[in-house]
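Grab the model and a viewer, and let's work through a few exercises together. Try each task yourself before you read its solution.

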Amino acid sequence: MLPPGPLLGTAVFALTALQALGADTFIAAVYEHAVILPEATGKPVSPEDALALMNRNLDILEGAIKEAAQQGAHIIVTPEDGIYGWRFTREAIYPYLEDIPDPAVSWIPCTDPTRFGRAPVQERLSCMAKNNSIYVVANMGDKKPCNSTDPGCPSDGRYQYNTDVAFDPEGKLVARYHKYNLFRREMQFDYPKEPEAVTFETPFGKFGIFTCFDILFREPAVVLVSELQVDTVLFPTAWMNVLPFLTAIEFHSAWAMGMGVNLLSANTHNISLAMTGKLGLFSPEGPVAYHYDSETEEGHLLLGELSSHPQLSPTYPPAVNWSSYAARIKKFPQEKDTFSGAVRRDIFTFSELRHKTGNYTVCQRDFCCHLVYRMSNKSKDEVYVLGAFDGLHGSLIKYHWQICTLLKCRSTDRNTCGQPVETAQTKFEMFSLSGTFCTNYVFPEVLYSGVQLAPGEFEVLHDGHLKSKHRTSKPVVTVTLFGRLYEKDWPHPLRTSR
């Protein structure tokens with residue numbers, strides 16, 4: 001649902017004032033879309049029926065794009081699967097696909113819609129961008145014919161790709177990205193033969209683009225940020241919230257802070273699939289704006305001001321050596337009263353925080369996590385633990401995590417430690433969390449009761465420990481350092497026979 005009328009005037013005035021601050025900033029918008037889904041069937045519908053469903057979703061997205069443009073936004077990102085949903089077999093999704101050309105062809109579908117064959121979705125998106133003078137980013141399906149001379153060609157004679165597109169304010173196609181890391185349920189799509197690193201220049205910085213599950217992997221995420229030096233990442237996603245570490249706003253904010261870039265995260269909204277309140281505008285300093293909604297079935301438009309070149313900002317965080325602080329800690333012996341607990345399928349080593357104040361060290365093999373804390377109002381009905389994990393996660397694609405976490409258990413039964421929990425009663429006077437990480441790709445998370453972030457209430461020091469700035473304003477659910485050891489990942493499925 002778009003914002004009610006009386007709020008729009010205030011928002012337009014505020015955003016106009018923000019634009020006057022200078023060319024070093026821009027106004028970004030993301031839209032969380034409650035997608036209209038097709039009927040669940042394994043049989044293809046007619047192209048006319050497929051387009052009718054997509055146009056119903058595009059009508060809603062067009063309304064959000066118009067509102068964003070009226071409020072001064074320079075760019076809007078819409079969700080993965082936002083045009084046709086999911087619920088597809090490989091055959092059933094085919095009528096929804098279009099042939100998306102390489103942006104090097106310099107094409108404006110709005111004014112030349114049939115240049116590359118039938119492309120009604122690209123035409124509509126291009127016209128939305130052109131008619132509203134705004135960059136539009138969307139997710140759709142690409143199809144590419146192939147034949148027997150290509151040894152990788154599927155038996156049906158075509159490649160099908162989960163694809164992001166971007167159109168500039170003139171309606172020109174400026175970016176096309178094929179998702180490289182498919183989630184296990186995306187059997188309707190193919191892996192591209194090579195990972196793509198897609199960037200494009202704008203008047204407000206260098207942008208990169210990838211999709212959902214891609215954010216967890218070196219290719220393309222680290223390549224775009226560390227090697228190609230983008231300022232902002234555009235991120236269409238269909239993210240299912242997974243507590244305690246992978247709730248969308250929690251991890252996406254932490255990723256932007258850990259990687260030192262802006263992240264424009266746009267998500268689908270579906271309560272039955274735990275796709276609830278997952279959009280945000282995140283900067284290296286923390287969230288600029290975010291939205292969490294587990295109650296309604298409505299979409300949501302979010303706008304905010306971001307730095308065009310965050311690395312040039314005087315508030316840009318300094319580089320962090322994530323193992324320096326923890327490696328110096330010698331005086332805290334490892335806790336003897338430890339136990340194992342599962343966070344989904346990952347087996348953590350936990351130690352219960354039995355006192356209101358304490359120094360704790362928990363290790364899993366050679367990886368150790370250190371916590372210093374002081375609770376202000378420890379609830380007798382709540383159990384907190386310090387946990388450590390060092391190992392592979394995932395099924396089809398396996399990737400390596402190192403995690404240090406302070407988390408609230410679901411109940412006083414220690415067997416519930418690691419299970420999802422959204423609320424808490426205990427506040428902390430202070431906490432300091434660190435770990436002996438073997439990577440500098442570490443993402444700091446603090447999640448408060450009610451699945452709320454804690455902007456401005458914690459900091460990461462250059463020697464690699466996360467600490468609270470003052471007494472927490474809300475009860476704590478988790479405090480986490482989420483590390484990724486990309487070099488220990490299993491090979492991509494396209495490159496392995498495992």
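Buried means under 20% relative accessible area, exposed over 50%, and partly exposed in between, with a 1.4 Å probe and protein chains only. Helices (H or I, at least four residues) and strands (E, at least two) are DSSP runs, numbered from the N terminus. You're looking at a predicted model, where local features need pLDDT of at least 70, side-chain atom pairs count only at pLDDT 80 or more, and totals for chains, interfaces and linings use all residues. Residues are numbered from 1 along each chain as its sequence is written, and side-chain values use heavy atoms, with hydrogens and water left out.

**Exercise 1. Work out which way the residues of β10 point, and find the partners of this strand.**

Step 1: start with burial. Strand β10 covers residues 279-283, and five of its five residues are buried.

Step 2: sort the directions. In a regular strand the side chains alternate between the two faces of the sheet. Here Leu279, Leu281 and Ser283 point one way, Gly280 and Phe282 point the other way, and all are buried.

Step 3: look for neighbours. Two strands pair if DSSP finds at least two bridges between them. Strand β9 (residues 262-267) runs antiparallel to β10, joined by three bridges, and Leu263 stands opposite Phe282. With β11 (residues 286-291), β10 pairs in the antiparallel sense over five bridges; there Phe282 stands opposite Pro287. β10 and β11 make a hairpin, with two residues between them.

**Exercise 2. Trace the seven-stranded sheet and find what packs on it.**

Step 1: write down the order. The sheet is open and antiparallel, running β13-β14-β17-β18-β24-β20-β21.

Step 2: check the edges. β13 (338-343) and β21 (452-453) each have a single partner strand, so one side of each is left without a neighbour in the sheet.

Step 3: add the helix. Helix α6 (residues 248-259) packs on the sheet and touches β20 (442-448), β21 and β24 (476-484), where contact means heavy atoms within 4.5 Å. The direction of α6 makes about 140 degrees with that of β20; axes here are lines fitted to C-alpha atoms, for helices over the stretch in contact, and angles run from 0 to 180 degrees between N-to-C directions.

Step 4: zoom in on one pair. Ten bridges join β17 (residues 384-393) to β18 (residues 399-408), again antiparallel, and Val385 stands opposite Leu407.

**Exercise 3. Describe some of the aromatic pairs, then look for charges over rings.**

Step 1: set the rule. Rings of Phe, Tyr and Trp (its six-membered ring) pair if their centres lie within 6.5 Å; planes under 30 degrees apart count as stacked, over 60 as edge-to-face and the rest as tilted. A search of the whole structure gives 34 aromatic pairs.

Step 2: take Tyr135 and Phe200. The pair is stacked, at 6.1 Å centre to centre and 25 degrees between the planes. Tyr135 is in strand β3 (residues 135-145) and Phe200 in strand β6 (residues 198-202), so the pair ties together parts that are 65 residues apart in sequence. Both Tyr135 and Phe200 are buried.

Step 3: compare with Phe213 and Phe217. This pair is edge-to-face, with 5.0 Å between centres and 80 degrees between planes, and both rings belong to buried residues. Phe213 and Phe217 also sit in one aromatic cluster, whose members include Trp239, Trp255 and Tyr399.

Step 4: look for charges. A charge sits over a ring if NZ of Lys or CZ of Arg is within 6 Å of the ring centre and within 35 degrees of the ring normal. The charged end of Arg158 is over the ring of Tyr94, 3.9 Å from its centre, and Arg414 lies over the face of Phe339, at 4.1 Å from the ring centre.

**Exercise 4. Go through the cysteines.**

Step 1: count. A disulfide is a pair of cysteine sulfur atoms within 2.5 Å, and the count comes to five disulfides.

Step 2: follow one link. Cys110 and Cys127 are joined, S to S 2.1 Å. The torsion about their S-S bond is about 100 degrees, so the disulfide is right-handed. Cys110 lies in the loop between α3 (90-93) and α4 (120-132), while Cys127 is in helix α4, 17 residues apart.

Step 3: check a cysteine outside the bonds. The sulfur of Cys438 is 10 Å from the closest cysteine sulfur, in Cys368, too far for a bond. Cys438 is exposed, with a relative accessible area of 53%.
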